Amino acid sequence: ANGREVLRTVPNIYIPDNADINTSEYLNIGTYSCPNANTAQTISNIPVKTAFCMYVIAILGGSYGSESSMTWTYRMRIFIPYAGDIYIQYVNSEQNPGEYNYGNWKKLISSDELDAKTDKSYVDSEISKLQAEIDALKNK
């Protein structure tokens, strides 16, 4: 089964108050959600504290239990807050079952955002802001 077929067969799991998503409980392939912004404020290790949906996929295929008795695991977590941004995180375990390496969350940006951030006027504006902050700190 491909990743889309697997996600269609897995029910949505609600993430409760005070959860820590950097636990094996949130590495099972599937769809996780927190539709309440107040609850999201209490959840640990999410990139932004707002209502969201998170997908967990197996990078190399297979399901959670079929990966060499969990001696190795490769996951991609896709985090989508209600505002529509997209964040991704790579998680793996290679030698010690149950010991996971959680990569940093990375925000994906659109080509329009990239163009705006590489536009010379934008860069010059950001440099001016930084210089003003440096000058303010020097004058303290």
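**Figure 1. A cluster of aromatic rings built from Phe 52, Phe 79, Tyr 87 and Trp 105, which are linked through ring pairs.** The view, like those that follow, is taken from a predicted model. A search of the whole structure finds five aromatic pairs, and one of them, formed by Phe 52 and Phe 79, is stacked, with 4.4 Å from centre to centre and 25° between the planes. Because Phe 52 belongs to strand β3 and Phe 79 to strand β4, this pair ties together parts that are 27 residues apart in sequence. Both partners are shielded from solvent in the calculation: Phe 52 counts as buried at 4% relative accessibility, and Phe 79 is likewise buried, with a relative accessible area of 0%.

**Figure 2. The largest nonpolar core of the model, a set of 15 residues.** In soluble globular proteins, nonpolar side chains tend to be buried together. Within this core, the residues with the most contacts are Ile 15, Ile 21, Phe 52 and Met 54. The elements that contribute two or more residues are β2 (30–34) and β3 (52–58), and β3 gives the most, with three residues. Phe 52, shown in the previous view as a member of the aromatic cluster, is therefore also a buried residue with a relative accessibility of 4%.

**Figure 3. The surroundings of Ile 15, one of the residues with the most contacts inside the largest nonpolar core.** When neighbours within four places in sequence are left aside, Ile 15 is in contact with Ile 21, Tyr 26, Tyr 32, Ser 33, Cys 34, Thr 39, Ile 43 and Phe 52. Two of these partners, Ile 21 and Phe 52, are themselves named among the core residues with the most contacts.

**Figure 4. Thr 39 in helix α2 (residues 37–40) and the residues around it.** Thr 39 is buried, with a relative accessible area of 14%, and its side chain is joined to that of Asp 17 by a polar contact of 2.9 Å. Not counting residues up to four places away in sequence, Thr 39 touches Ile 15, Pro 16, Asp 17 and Cys 34. Asp 17 thus appears both as the polar partner of Thr 39 and in the list of residues that Thr 39 touches.

**Figure 5. The salt bridge between the side chains of Asp 85 and Lys 107.** Side chains of opposite charge can pair when their charged atoms come close. The structure holds one salt bridge, and in it the side chains of Asp 85 and Lys 107 meet at 3.8 Å, N to O. Asp 85 lies in the loop between β4 (73–81) and β5 (86–93), whereas Lys 107 lies in strand β7 (residues 106–108), so the pair ties together parts that are 22 residues apart in sequence. Each partner counts as partly exposed, Asp 85 at 28% relative accessibility and Lys 107 at 39%.

**Figure 6. The whole protein, with four helices and seven strands, as the setting for the close-up views.** Read along the sequence, these elements follow the pattern α-β-β-α-β-β-β-β-β-α-α. Buried residues make up 28% of the 140 residues, and the protein exposes about 8,900 Å², of which carbon and sulfur atoms supply 52%. Among contacts between residues at least 6 apart in sequence, 38% join residues at least 24 apart.

Definitions and conventions
Residues numbered from 1 in each chain as written. Predicted model: local features only at pLDDT ≥ 70, side-chain atom pairs only at ≥ 80, totals over all residues. Heavy atoms only, no water. Core = buried A, V, L, I, M, F, W, Y, C linked by side-chain atoms within 4.5 Å. Buried < 20%, exposed > 50% of the residue type's maximum accessible area, 1.4 Å probe, protein only. Contact = heavy atoms within 4.5 Å. Polar contact = N/O pair within 3.5 Å; in protein donor to acceptor, adjacent residues only side chain to side chain. Salt bridge = Lys/Arg side-chain N within 4 Å of Asp/Glu carboxyl O. Phe/Tyr/Trp six-rings, centres within 6.5 Å; stacked < 30°, edge-to-face > 60°. Areas by Shrake-Rupley, 256 points an atom, 1.4 Å probe, with all protein chains shown as cover.
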